[in-house]
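Please load the model in the viewer and keep the selection tool at hand. The tour proceeds from open space to a strand and then to a single residue.

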Amino acid sequence: MSESKPLTALPEWQALEGHAARLRDVPLRRLFADDAGRAERFSLEAAGIFLDYSKHRVDAPALDALLAVAKARGLAARIEAMFTGAPINATEGRSVLHIALRAPAGASILVDGKNVVPEVHAVLERMGEFAERVRSGVWTGHTGKRIRRVVNIGIGGSDLGPAMAYQALRSVSDRALELRFVSNIDATDFAEAVRDANPEDTLFIVCSKTFTTLETLENAKTARAWLVGQLGSDGAVAKNIVAVSTNGAEGARLGIDTANMFGFWDWVGGRYSVDSAIGLSLMVAIGPAGFREFLAGFRELDEHFRRAPFEQNLPVLLGVLGVFYNNFFGAETHAVLPYDQYLARLPAYLQQLDMESNGKRVDLAGRPVDYQTGPIIWGEPGTNGQHAFYQLIHQGTKLIPCDFIGFLRSENPLGKHHDLLMANLFAQSEALAFGKTAEEVRAEGVKPELVPHRTFPGNRPSSTLLLERMTPAALGRLIALYEHKVFVQGTIWGVNSFDQWGVELGKVLAKRIASEIEAAAAPALAHDGSTNALLRRYRKAQGRA
């Protein structure tokens, strides 16, 4: 990476500023009118994904300039460094190898001189054996009953990943098994997850790399107490709780059999871990074969990202387009709009992936940046969002680039439903791009005083992503696409996309405040005036001094 100069001092960046200024007031209508082949020229199909990026406010010279910035920031070398196990997570001195989680069995990826791929496949084998035992009824709970309900306990990536993927792949899941997810320290989350549950046929999967995450540890303790209290035996823990963790000693303290613990590695970040043992609940739901198909989708996109030239590279194109709006058009948010109900949790999943990765204020050299980094990610499945927030996207004062995601075939073909769903997807991207002029509104006979209200400015950029069907492989491709897009943008901005120190301060303060809340005698409070007053009010409500 070019680190001798800050990003904004690079000549390639300054050249890009000129392209942004040139295109700022050029409507998409004109770009399409001037180039009859624009839709074909600005689209790409690779790794099972079709991308139409023609409705972006770029032309060929601007796109070349964007790719020149990526090259100047050493993107090619950084991609290769990640794939070969270099410790690119500089602030923690770690490799970044979520790509190893889906590497083929014969691959070699070295960390400190050791090939990690055999270990990955050994864990996958153990996961597969366990999943098959649960799915077949060979694995039973403490009282010998077949497992009918799996409750995943985790938080962050240990929850968002498997929860999103399970929702996405319900059509291929075993409907005799029900998956539930507990993440929040709010007792309501756990209470509702077990309210109608039978402890005899409920299996908990506790997902915590270190068994030190406050929320997960407390929920795991509560799960243990619930099982023992309901079944009357500490022996229930070994059959009704398994764990995904590297801390066998802490799991054993809870009574979890270490033979039923599935490990992963410090080079796997939580938000990149759904294809590791963190996905054990998903594997139980869709089966080992389905999970292997899931991994194959990741692997296909990984190989595309590593090998394809930048101008034909899906994550690179999405990444540089996002940088263009974020840094030159003042866009602060990015909407992800899946036109598939199975992907209802995808925007929430991508919030963590993107915002925890690139929500950084200093670059790799520790220098404060003088430009925007990661955007705010949000969205809802279509067409629900159309009846909620699309008004702001179409006629509001904020520029919000959008990703529309659709599937050519429905997993649940019913009447005209899918045709109408996809009609809405295509219509929304068209309306955002081209809008409706005042002249067109007047030509419809609209009263003059209403013309401004019914005019749509258009020129709102969007990408359209089309896949064949919502399969495990398709989901793997989509997740990997966004993982690598985030990596591209982090490289351009010069930030470490693989640490999350911003999460730590709140955790440290919460532990301190928790001890003050629980103290028998009134503690000496040394917070700010607001926090001290809030603590006293809460302690009073709890009947404490």
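**The largest pocket.** Begin by selecting T213, Q500, V503, E504 and K507, which lie nearest the centre of the largest pocket among the 45 residues that line it. The model under examination is a predicted one. The elements that give two or more residues to this lining are α7 (157-168), α9 (214-231), α14 (346-358) and α19 (504-518); colouring these four helices separately is convenient. Which of the elements gives the most to the lining of the largest pocket? The answer is α19, with 8 residues. A surface drawn over the pocket would enclose a volume of about 1,200 Å³. If the lining is coloured by class, 16 residues appear as nonpolar, 17 as polar and 12 as charged.

**The second largest pocket.** Next, select Q341, S410, H417, H418 and L421, the residues nearest the centre of the second largest pocket. Its lining comprises 15 residues, and the space within amounts to about 370 Å³. By class, this lining divides into 5 nonpolar, 8 polar and 2 charged residues.

**Strand β7 and its partners.** Now select residues 202-207, which form strand β7. Are the residues of this strand mostly covered or uncovered? The strand is mostly covered, as 6 of its 6 residues are buried. With side chains displayed, T202, F204 and V206 point one way from β7, whereas L203, I205 and C207 point the other way. Such an arrangement has a general background: in a regular strand the side chains alternate between the two faces of the sheet.

Extend the selection to β5 (residues 149-153), which runs parallel to β7 and is joined to it by 5 bridges. Then add β8 (residues 241-244), also parallel to β7 and joined to it by 4 bridges. Centring the view on F204 shows both pairings: V151 stands opposite F204, and in β8 the bridge partner of F204 is I241.

**S273.** Finally, select S273, located in the loop between β9 (261-262) and α12 (280-307). Is this residue buried or exposed? S273 is buried, because its relative accessible area is 1%, below the 20% limit for that class. A distance label can be placed between a polar atom of the S273 side chain and the backbone oxygen of G270, which lie 2.6 Å apart. To complete the surroundings, display G157, V268, I278 and G279, with which S273 is in contact once its neighbours within four places in sequence are left aside.

Definitions and conventions. Residues are numbered from 1 along each chain as its sequence is written. This is a predicted model: local features need pLDDT of at least 70, side-chain atom pairs count only at pLDDT 80 or more; totals for chains, interfaces and linings use all residues. Side-chain values use heavy atoms; hydrogens and water are left out. Buried means under 20% relative accessible area, exposed over 50%, partly exposed in between (1.4 Å probe, protein chains only). A polar contact is a pair of N or O atoms within 3.5 Å; within protein, one must be able to donate a hydrogen and the other to accept it, and residues adjacent in sequence count only if both atoms are side-chain atoms. Contact means heavy atoms within 4.5 Å. On a 1 Å grid over the protein atoms alone, a cavity is a set of points where a 1.4 Å probe fits but cannot get out, and a pocket is an open set with protein on both sides within 12 Å along at least five of seven lines; lining residues have an atom within 4 Å of a point. Grid points are joined across faces, edges and corners, and a volume is the space filled by probe spheres set on the points. Ala, Val, Leu, Ile, Met, Phe, Trp, Tyr, Cys and Pro count as nonpolar, Asp, Glu, Lys and Arg as charged, and the others, Gly among them, as polar. Two strands pair if DSSP finds at least two bridges between them.
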